[in-house]
Amino acid sequence: MNNFTYANPTKIQFGRGVIAQLGDELTRLGASKVLLVYGGGSIKSNGVYDAVVAQLSASGIAFAEHGGVQGNPVLCHARDGVAKARAENVDLILAVGGGSVVDESKAIALGAASGTDVWEFFAKREAPQTALPVVAVLTLPATGSEMNGIAVLSNEETDEKNALVCPPLLNPKASFLDPETTFSLSARQTAFACTDILSHLMEGYLTTAAGHLPVQDGMIEGVAKATMESMAAIRENPADYDARAAFMWSATLAWSGICQAGIPAWGMPCHALEMPLSAVYDIAHGAGLSIIIPAWMRVVGAKHEPRILRFGRCVLGLEAPGSIDAVADALTDYYRSIGSPVSCTEAGIEPDIDRLTALASAAFQQRGMTDYTEPIIREIYTRAL
């Protein structure tokens, strides 16, 4: 096990009715005026918006609104949010929605607190020094952004989609997770969330060269199986509270950093391959991952064969997976069974492989993963067609 430092400052309020504690938490944090950030407006139809506004009003906290965050949050909208946060002189960013809303809120928090264009942080991946505090009310569990110091933003002018990793500065001060807010999610949204959660668990698990890691392997396998079990229960009954609760907490744990702490020398090739796909074609991140991961296994899986075969046995339940292809086939079948696409054709896109290869190659170079050459990247994308 590698040496590691782990500190997570995010306070989690989990369970039924926890939004009722939002006003007290914002008051404790000293908020007097907040920027309320949300997506396409579903929070206004499912009652979450009204519950949040009631908490703000009861606590005497003023607010300005910034709606319309996209599923893949884009730079121009984040810049508008920065300008609004500055003009309204807010002292906290309140994210109400899924991971995309939390990610853009973090970007706004960075830009509003500095004189630097927010994309500079994402383009150069330089650690910022200051940010407004962020509080999250989560309504779509998937990315884990509610309990980590990571933000993802797309530059629609250059087709770049970059992640900025800056804990603890970008960790929300507090996050409110009420599983009942997820009852209205569609089967499709839940499926894409499931693939996203599993991908976060798989990256470190599959790419490390380490042998058996008793703690990390057990945690990752357990959370992955809990995700799949709760997904099955949700498909049977979308209003199953216990299943929604397990699913929501699995999403948070999967990318909080605790599961990966101490894993030797691991990478995130599948995320690096997926980001150009969703940046250029604006498909859901989870959908892109279910397309990319089986193709990645088939092309470069030989390097990670022991870990992939273990995943097949311990998570997918294959008694004796004899090959990487057998695991990739089983994973493909699982993705299809929950309604997530496993090819670009199924996702309704015809990608320009040259363009994707160039974008991914640049991303790999930035991350120092030079063993992913352009021919290898091209082959993975070709397999994903």
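**Figure 1. Span of helix 15 in the predicted model.** The expected span of a helix is 1.5 Å times one less than its number of residues. Helix 15 covers residues 353-366, which makes 14 residues. From first C-alpha to last, helix 15 reaches 20 Å. That is close to the 20 Å expected at 1.5 Å a residue.

**Figure 2. The buried face of helix 15.** Seven names belong here: Ile353, Leu356, Thr357, Ala360, Ser361, Ala363 and Phe364 are the buried residues of helix 15. Viewed down the helix axis, these buried residues fall within an arc of 165°, so they line one face of helix 15. Their cover includes helix 10 (269-281). Helix 16 (374-383) is also part of that cover.

**Figure 3. The two ends of helix 15.** At the start of the helix, Asp352 offers a side-chain oxygen. This oxygen comes to within 3.1 Å of the backbone nitrogen of Asp354. Just after the helix sits Gly368. Gly368 has a positive phi of about 75°.

**Figure 4. Leu273 in the largest nonpolar core.** This core has 65 residues. Met202, Leu273, Trp296 and Met297 have the most contacts inside it. Neighbours within four places in sequence are set aside for the contacts of Leu273. Leu273 then touches Ile292 and Trp296. It is also in contact with Ala360 and Phe364, both among the buried residues of helix 15. Ile377, Ile380 and Tyr381 complete the contact list of Leu273. A second core, separate from this one, has 31 residues. Val37, Ala64, Val101 and Leu164 are among them.

**Figure 5. Gly218 and Cys259.** Gly218 lies in helix 8 (residues 214-236). Is Gly218 buried or partly exposed? With a relative accessible area of 38%, Gly218 is partly exposed; buried would require a value under 20%. Gly218 and Cys259 are 41 residues apart in sequence. In space, their C-alpha atoms are 9.2 Å apart.

**Figure 6. The chain around these views.** The chain's secondary structure comes to 16 helices and 8 strands. Its radius of gyration is 20 Å, close to the 21 Å that the globule rule gives for 385 residues, so the chain is as compact as a globular protein of that length. Along the principal axes, the C-alpha atoms fill a box of roughly 60 × 45 × 40 Å. Of the 385 residues, 58% are buried. Take the contacts between residues at least 6 apart in sequence: 78% of them join residues at least 24 apart.

Definitions and conventions. Residues numbered from 1 in each chain as written. Predicted model: local features only at pLDDT ≥ 70, side-chain atom pairs only at ≥ 80, totals over all residues. Heavy atoms only, no water. Helix = DSSP H or I, 4+ residues; strand = E, 2+ residues; numbered from the N terminus. Buried < 20%, exposed > 50% of the residue type's maximum accessible area, 1.4 Å probe, protein only. Arc of directions from axis to C-beta. Contact = heavy atoms within 4.5 Å. Polar contact = N/O pair within 3.5 Å; in protein donor to acceptor, adjacent residues only side chain to side chain. Core = buried A, V, L, I, M, F, W, Y, C linked by side-chain atoms within 4.5 Å. Rg over C-alpha atoms; globule rule 2.2 N^0.38 Å.
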